[in-house]
Amino acid sequence: MARSLLLLPGDGIGPEVMRQVRRTIDWYNRRRGLDFGVEEGLVGGASIDAHGAPLTDATMDKALKVDAVLLAAVGGPKWEGLTFEKRPEAGLLRLRKEMDLFANLRPAVVFDALVDASTLKPEIVRGLDLMIVRELTGGVYFGEPRGIEDLGNGERRGINTQVYTTSEIKRVARVAFELARKRGNKLCSSEKSNVMESGLLWRQEVIALHKADYADVELSHMLADACAMQLVRNPKQFDVIVTDNLFGDILSDEAAMLTGSIGMLPSASLGAAGADGKRKALYEPVHGSAPDIAGRDAANPIAMLLSFAMALRWSFDLEDEAVLLETAVQNVLKTGMRTADIMQPGMAKCSTSVMADTILREMDKLSS
Ligand code: IPM
Ligand code: MG
């Protein structure tokens with residue numbers, strides 16, 4: 001029974017960083033006797049160019065059948081004029097929605113070797129290890145009504161709807177409480193309950209769930225603006241943060257920069273466990289398609305590689321193999337090897353492929 005993966009490289013730097021994951025998968029099959037079966041597909045602008053849509057039904061079907069999907073990045077200036085349903089991002093949103101990937105785990109970990117790459121003072125970020133759990137299939141990203149209306153008097157109106165139900169809030173909060181238990185046992189829930197009804201409901205439901213099932217976890221609440229501020233003031237106060245789709249999008253980019261570069265942050269998007277205990281899952285770096293550096297072998301492949309490490313852990317229960325890849329990344333960073341985004345004085349600048357070569361060699365060493 002092969003472990004099945006669907007790789008969706010997407011746009012911009014996507015194909016370059018995904019190539020390095022493919023090599024890493026081959027490495028696991030060859031060196032560790034694993035049996036990953038890989039299929040590739042198109043998403044985003046690449047799919048628009050080939051098929052006229054950001055995701056085809058055939059690719060959607062494949063995504064629903066495999067054990068895990070790995071996606072690199074979508075979007076770029078070429079497709080910016082399109083309507084929302086036709087844009088590259090719509091392909092990613094369709095995957096998230098139809099796979100029902102409601103829990104998005106975005107860990108922000110500062111590796112010792114990169115403490116100085118952060119724009120924040122070393123003492124603020126050293127040893128940082130936090131996890132943002134972002135709700136991923138609800139809120140303003142999917143709420144109805146939405147659209148741009150012509151009011152007929154020379155004015156137009158843009159509309160989006162922020163909406164959450166009890167069950168949507170509870171299922172993502174449950175994931176966050178469970179994660180907190182396995183970590184520092186602290187959960188901070190973030191919303192804008194001072195101005196938004198959906199935020200007030202969020203707070204009430206999290207409190208109710210805490211009381212019912214997770215009273216042992218230390219729970220706090222923070223308004224999302226204050227949370228943005230505290231993330232740069234004193235990020236180490238956080239263990240797990242749970243928040244909605246939009247605030248999670250913003251707070252996770254901010255958290256990424258604590259680690260030195262958005263090129264370092266992986267993510268896992270998980271659905272509910274099925275009858276067989278398996279969750280649908282998609283793994284992607286937090287960074288985007290970076291069209292400005294695409295095709296130049298200059299991107300940082302680490303966020304994509306660490307996303308695959310998350311797949312090893314969460315979809316395949318291969319904790320040791322995940323740790324092997326993560327350790328190799330850390331060891332290579334310790335040697336001073338740096339892609340442009342994390343380059344610092346006195347370090348050795350390298351390309352996407354050389355970074356991956358070096359990580360694979362380190363994996364050879366660690367596993368021999
Ligand atoms: C992310 C991205 C996406 C989002 C875009 C590409 C649709 O910014 O995964 O954080 O807004 O969710
Ligand atoms: Mg984002």
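1. Let's start with the domains. An assignment of the automatic or database kind splits the protein chain into domain 1 (1-122 + 261-368) and domain 2 (129-258). Residues are numbered from 1 along each chain as its sequence is written. Keep in mind that this is a predicted model, where local features need pLDDT of at least 70, side-chain atom pairs count only at pLDDT 80 or more, and totals for chains, interfaces and linings use all residues.

2. How far apart are the C-alpha centres of domain 1 and domain 2? They lie 24 Å apart. The two parts also touch: 22 residues of domain 1 are in contact (heavy atoms within 4.5 Å) with 23 residues of domain 2.

3. Now the overall shape. The radius of gyration, taken over C-alpha atoms, is 20 Å for the protein chain, which agrees with the value near 21 Å for a compact globule of 368 residues. That rule is 2.2 Å times the number of residues to the power 0.38. Along the principal axes, the C-alpha atoms fill a box of roughly 60 × 50 × 45 Å.

4. On to the inside. Of the 368 residues, 52% are buried, meaning under 20% relative accessible area with a 1.4 Å probe, protein chains only. Looking at contacts with a separation of 6 or more, 73% come from residues 24 or more positions apart.

5. Last, the building blocks. You can look for 12 helices and 14 strands in the protein chain; these are DSSP runs, with helices (H or I) of at least four residues and strands (E) of at least two, numbered from the N terminus.

Note on methods. Chains lettered and ligands numbered in written order. Heavy atoms only, no water. Buried < 20%, exposed > 50% of the residue type's maximum accessible area, 1.4 Å probe, protein only.
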